[in-house]
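The following exercises concern pockets, cores, cysteines and cavities in one protein structure. Attempt each task before reading its solution.

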Amino acid sequence: MKDYLVKGPDNKVRCSYLIHDADFKKYHDEEWGRPVSEDRRLFEKICIEGFVSGLSYITLLKKRENFREAFDNFDHEKVASYDEEKLNVLMQNKGLIRNKRKLKSVINNAKRMPAMIEEFGSLAKFVWSFRPDSKNRPGEFNPQTLKEVTKTKESEELARALKKRGWTYVGPTNMYAMMQSVGIVNDHFSGCHYREECLREMKVFQIP
């Protein structure tokens, strides 16, 4: 077995770098790379990725429930109505990453959702339209692949398209991480049990 894979007590082989923490292991097994089509969850993923810069993802993962509670479970209609007073309340919330520009970005992006839905029918239909062709993907997924592929032509195009529509904190690296997390791309290591699970889910998934 490759040294970047590890077999757990359940005899399932996993990506070793994602399982050093119980929360991360759960995220790796149950969420990462599995296709998502619900607008609310996609909106959440885009916004959460905006907070990652300069932080480890595990920091955000451990605060995710705090973010969900603070932002009304990322109901974009509710978030779009937040005013300066509400922003000040968010800034006092120790369970969040208290970066005012990034907190304001979530509100801004929520305000952009109606136009997105009007133009494309759903946020899901928009983001999934940037799914890369399989022939443009690496043949082998390993630590070197993930080190080299931190953004792609498609994630750059997605970032540009979002910025053009007024969205903020949506850089190409963050958007590639979002694409990884919602199954638009499957970057589990070759040989990982959950890579195969995600591939099976994708075969029956209805792309929006």
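**Exercise 1. The largest pocket**

Task: State what volume the largest pocket has, which residues are closest to its centre, and which elements line it.

Solution. The structure is a predicted model.

Step 1. The volume of the largest pocket is about 450 Å³.

Step 2. The pocket is lined by 20 residues, and the closest to its centre are Tyr 17, Trp 32, Tyr 57, Ala 177 and Gln 180.

Step 3. Two or more lining residues come from each of α1 (22-30), α3 (57-70) and α10 (172-181). The largest share belongs to α10, which supplies 6 residues.

Step 4. Sorted by class, the lining consists of 13 nonpolar, 6 polar and 1 charged residues.

**Exercise 2. The second largest pocket**

Task: Describe the volume of the second largest pocket and the classes of residue in its lining.

Solution.

Step 1. The second largest pocket holds about 260 Å³ of space.

Step 2. Its lining is formed by 14 residues, of which Arg 131, Ile 184, Val 185, Asn 186 and Leu 199 are the closest to the centre.

Step 3. This lining is made up of 7 nonpolar, 4 polar and 3 charged residues.

**Exercise 3. The nonpolar cores**

Task: Determine how many residues the largest nonpolar core has and which of them have the most contacts inside it.

Solution.

Step 1. The largest nonpolar core contains 53 residues. Phe 71, Leu 123 and Val 127 have the most contacts inside this core.

Step 2. The helices α1, α2 (39-49), α3, α5 (84-91), α6 (100-120), α7 (123-128), α9 (153-164) and α10 each give two or more residues to the core.

Step 3. Consider Phe 71 in detail. When residues up to four places away in sequence are not counted, Phe 71 touches Val 79, Tyr 82, Leu 90, Leu 103 and Val 106.

Step 4. There is also a second, separate core of 8 residues, including Tyr 4, Cys 15, Phe 189 and Cys 192.

**Exercise 4. A residue of helix α2**

Task: Decide whether Phe 43 is buried or exposed, and list its contacts.

Solution.

Step 1. Phe 43 is located in helix α2.

Step 2. Buried means under 20% relative accessible area. Phe 43 has a relative accessibility of 0%, and therefore counts as buried.

Step 3. With neighbours within four places in sequence left aside, the contacts of Phe 43 are Phe 74, His 76, Val 106, Asn 109, Ala 110, Met 113, Leu 123 and Trp 167.

Step 4. Separation in sequence and separation in space can be stated for a pair of residues. Phe 43 and Glu 154 lie 111 residues apart in sequence, and their C-alpha atoms are 18 Å apart in space.

**Exercise 5. The cysteines**

Task: Explain why Cys 198 has no bond to the closest cysteine sulfur.

Solution.

Step 1. A search of the whole structure yields 0 disulfides.

Step 2. A disulfide requires two cysteine sulfur atoms within 2.5 Å.

Step 3. The cysteine sulfur closest to that of Cys 198 belongs to Cys 192; because the distance is 7.8 Å, the two are too far apart for a bond.

Step 4. Cys 198 is also buried, at 2% relative accessibility. Cys 47 is likewise buried, with a relative accessible area of 4%.

**Exercise 6. The cavities and Arg 64**

Task: State how many cavities of 30 Å³ or more the structure holds, and which residues line the second largest cavity.

Solution.

Step 1. There are 2 cavities of 30 Å³ or more.

Step 2. The largest cavity has a volume of about 50 Å³. Among the residues lining this cavity are Ile 46, Cys 47, Phe 51, Val 106 and Asn 109.

Step 3. Both α2 and α6 give two or more residues to this lining, and the largest share, 4 residues, comes from α6. The classes are 5 nonpolar, 4 polar and 1 charged.

Step 4. The second largest cavity encloses about 30 Å³ and is lined by Glu 44, Lys 45, Ile 48, Glu 49, Tyr 57 and Arg 64. Helix α2 gives the most to this lining, with 4 residues.

Step 5. In this second lining, 2 residues are nonpolar, none are polar and 4 are charged.

Step 6. Arg 64 belongs to helix α3 and counts as buried, at 10% relative accessibility. Beyond its neighbours within four places in sequence, Arg 64 is in contact with Tyr 27, Glu 31, Glu 44 and Lys 45.

Notes:
Residues are numbered from 1 along each chain as its sequence is written. This is a predicted model: local features need pLDDT of at least 70, side-chain atom pairs count only at pLDDT 80 or more; totals for chains, interfaces and linings use all residues. Side-chain values use heavy atoms; hydrogens and water are left out. On a 1 Å grid over the protein atoms alone, a cavity is a set of points where a 1.4 Å probe fits but cannot get out, and a pocket is an open set with protein on both sides within 12 Å along at least five of seven lines; lining residues have an atom within 4 Å of a point. Grid points are joined across faces, edges and corners, and a volume is the space filled by probe spheres set on the points. Ala, Val, Leu, Ile, Met, Phe, Trp, Tyr, Cys and Pro count as nonpolar, Asp, Glu, Lys and Arg as charged, and the others, Gly among them, as polar. A nonpolar core is a set of buried Ala, Val, Leu, Ile, Met, Phe, Trp, Tyr and Cys residues joined through side-chain atoms within 4.5 Å. Buried means under 20% relative accessible area, exposed over 50%, partly exposed in between (1.4 Å probe, protein chains only). Contact means heavy atoms within 4.5 Å.
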